[in-house]
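Colleague: I'm new to this one, and I'd like to know what lies behind each label. Please walk me through it.

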Amino acid sequence: MAQQKISFTRYLVEQQRADGLIPGQLRLLLEVVARACKSISQAVNKGALGGVLGSAESENVQGEVQKKLDIIANEVLIEANEWGGHLAAMASEEMDSIYVVPNRYPQGEYLLMFDPLDGSSNIDVNVSIGTIFSVLKKPDDTPGVQEADFLQAGTQQVAAGYCIYGPQTTLVLTVGNGVAMFTLDREQGSFVLTQEDIQIPADTKEFAINMSNMRHWDEPVKRYIDECLAGKEGPRGKDFNMRWIASMVADVHRILMRGGVFMYPWDKREPEKAGKLRLMYEANPMSWLVEQAGGAATNGKQRILDLKPTKLHERVSVMLGSRNEVERLTQYHAEKP
Ligand code: AHG
Ligand code: MN
Ligand code: MN
Ligand code: MN
C-alpha cells in the first residue's frame, strides 16, 4: 500500500496527542495561519494577472514605501484570524500599533505577530518571498490587551514559522519540538508534510550578507567576512561561497536545508538603530526555528531569544545559522577591544 500523506491538520492533531504541545485554540490558530498563507500564495502566483504587483505609494511605521502585496497579505492575515476566538490581538510590520480583536468576536488567549510579506523588494522581480509569524500567550494577569503584553522574550514563543512562496510554497513550523516542513499540494489544496526533524549542519562553507554594506560594518563582522573571503589560503583554510537573496525567508530556508550563516548586523549607517531586521516578527521566529534545527542565533553579544523587547517594532542585529560559525562570530565580538 502506498504511504499515506500526512496533512498539516493531521500533523497538528498527532502532535497534540503525543505531547500536548498544541492545545485546541493553538491548533485552530495554526490552521488559520496556514489557510491565510494559502490565499497569499494564490495572490502571489497570479502576479500581474491579479493586479497585485507594484507600489501602494503609502509608507509604513518602518519608514518603508509599502508594496500592494504588503497590504494585501496583512489584510488576509487579519481577516482570517480575527473571528475564530483564538486570538486576543495581532501585531504586524505593516501596522503602527497592535490590532485588538474587535468586540463582536470572542477573545482568545493568544497573540499573533507577523511579517505579512517578507522580501518586498523581490515581489516585482519574481523572486521568492514569504510570510513570517510568531505566537505568544497573552499574560493572564492583566485585563484586556495592550502592547506591553507582546513584549516577551523569544523564549516565550509557543509557535513560530514561515511560509515561503518560491518554486514551491512551503510552510515551516516549530512548536518547540523540532522543525517540520509542509509543501502546498495545489491539487488537494492542502499542506502535506514533506520533511521532519530538520537539522542544520554545525559547519558550513556558505555565508549570506549584503556585501554592499561592508564599509559600514563593525570590526568583528568585517574580520569574520575577510577571513571567509581569504579562502583556502586564509586562516579558515577553506573556500567559501556567498548567497544573498534579500528575502530573509529564502536565505533562512536555504540554511535550514543545507546549512550556512545569515547576517544582517548592526552597522554605522544608522548607529542609533540596533539593526535593520525586526526582533518580534522576523528575528525571534527565525531564531527559534534555527535553534530547533540545531543551529544558533545571536546579535553578536547575546542569544536573540533571550532579549527582552522594549517596543513592538524593535530592531536587532541578526547572525544565525550553522552553530560553529555563529559561535565564532560571538567569539569575535567578545574579543573586540
Ligand atoms: P521586508 O521586505 O519584510 O521589509 O524585509 C526585508 C528584509 C529581509 O527580508 C532581507 O533579508 C533584508 O530586508 C534585505 O535588505 P537589503 O535590501 O538591505 O539587502
Ligand atoms: Mn518592509
Ligand atoms: Mn521582512
Ligand atoms: Mn515585510
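Colleague: Which residue takes a positive phi in the hairpin of strand 1 and strand 2?

Modeller: That's Gly 63, with a phi near 85°. The hairpin has 5 residues between its strands. Keep in mind that this is a predicted model, where local features need pLDDT of at least 70 and side-chain atom pairs count only at pLDDT 80 or more, while totals for chains, interfaces and linings use all residues. Residues are numbered from 1 along each chain as its sequence is written, and chains are lettered from A and ligands numbered from 1 in the order in which they are written.

Colleague: What makes strand 1 and strand 2 a pair?

Modeller: Two strands pair if DSSP finds at least two bridges between them. Strand 1 (residues 55-59) and strand 2 (residues 65-67) have 2 bridges, in the antiparallel sense, so they meet that cut-off. As for the partners, Ser 55 is bridged to Lys 67 in strand 2.

Colleague: How do you know what counts as a helix or a strand, and how many are there?

Modeller: They're DSSP runs, numbered from the N terminus: a helix is H or I over at least four residues, and a strand is E over at least two. Counted that way, the protein has 8 helices and 17 strands.

Colleague: Why is the protein called as compact as a globular protein of that length?

Modeller: The globule rule is 2.2 Å times the number of residues to the power 0.38, and the radius of gyration is taken over C-alpha atoms. For 337 residues the rule gives 20 Å, and the radius of gyration here is 20 Å, so the label fits. Along its principal axes, the C-alpha trace spans about 60 × 55 × 45 Å.

Colleague: What makes strand 4 and strand 10 edge strands?

Modeller: They belong to an open sheet of 8 strands with mixed pairing, in the order 4-3-5-6-7-8-9-10. Strand 4 (99-100) and strand 10 (190-195) each pair on one side only. Strand 10 runs antiparallel to strand 9 (residues 180-185), and 5 bridges join the two. One of the bridge partnerships is between Asp 185 and Ser 190.

Colleague: Which residues does UniProt list under "binding site"?

Modeller: One unreviewed listing has Glu 93, Asp 115 and Leu 117. They're spread over 25 residues of sequence but cluster in space, with a largest C-alpha distance of 8.9 Å. Another, also unreviewed, has Asp 115, Asp 118 and Glu 282. Those are spread over 168 residues of sequence, yet the largest C-alpha distance is 8.7 Å. UniProt positions use the numbering here, feature names are shortened, and annotations may be inferred rather than shown by experiment.

Colleague: Why is Asp 115 called buried?

Modeller: A residue is buried if 20 or more other C-beta atoms lie within 10 Å of its own, exposed if 12 or fewer, and partly exposed in between, with C-beta atoms placed from the backbone. Asp 115 has 28 such neighbours, so buried is the word. Asp 115 sits in strand 5 (residues 110-118).

Colleague: How do you know that Leu 117, Asp 118 and Glu 282 deserve that label too?

Modeller: The counts tell you: 32 for Leu 117, 28 for Asp 118 and 27 for Glu 282. Leu 117 and Asp 118 are in strand 5, whereas Glu 282 is in helix 7 (residues 279-292). Across the protein, 45% of the 337 residues count as buried.

Colleague: What does Asp 115 touch?

Modeller: Touching means that the C-beta atoms, placed from the backbone, lie within 7 Å. Leaving out residues up to four places away in sequence, Asp 115 touches Glu 93, Thr 131, Ile 132, Tyr 281 and Glu 282. By that rule, Glu 282 touches Asp 115, Ile 132, Met 248 and Leu 277.

Colleague: Which residues come nearest to ligand 1?

Modeller: Of the 13 residues around ligand 1, those are Asp 118, Ser 120, Asn 210, Ala 246 and Met 248. To be near, a residue needs its C-beta atom, placed from the backbone, within 6 Å of the molecule or strand in question.

Methods:
Contact = placed C-beta atoms within 7 Å.
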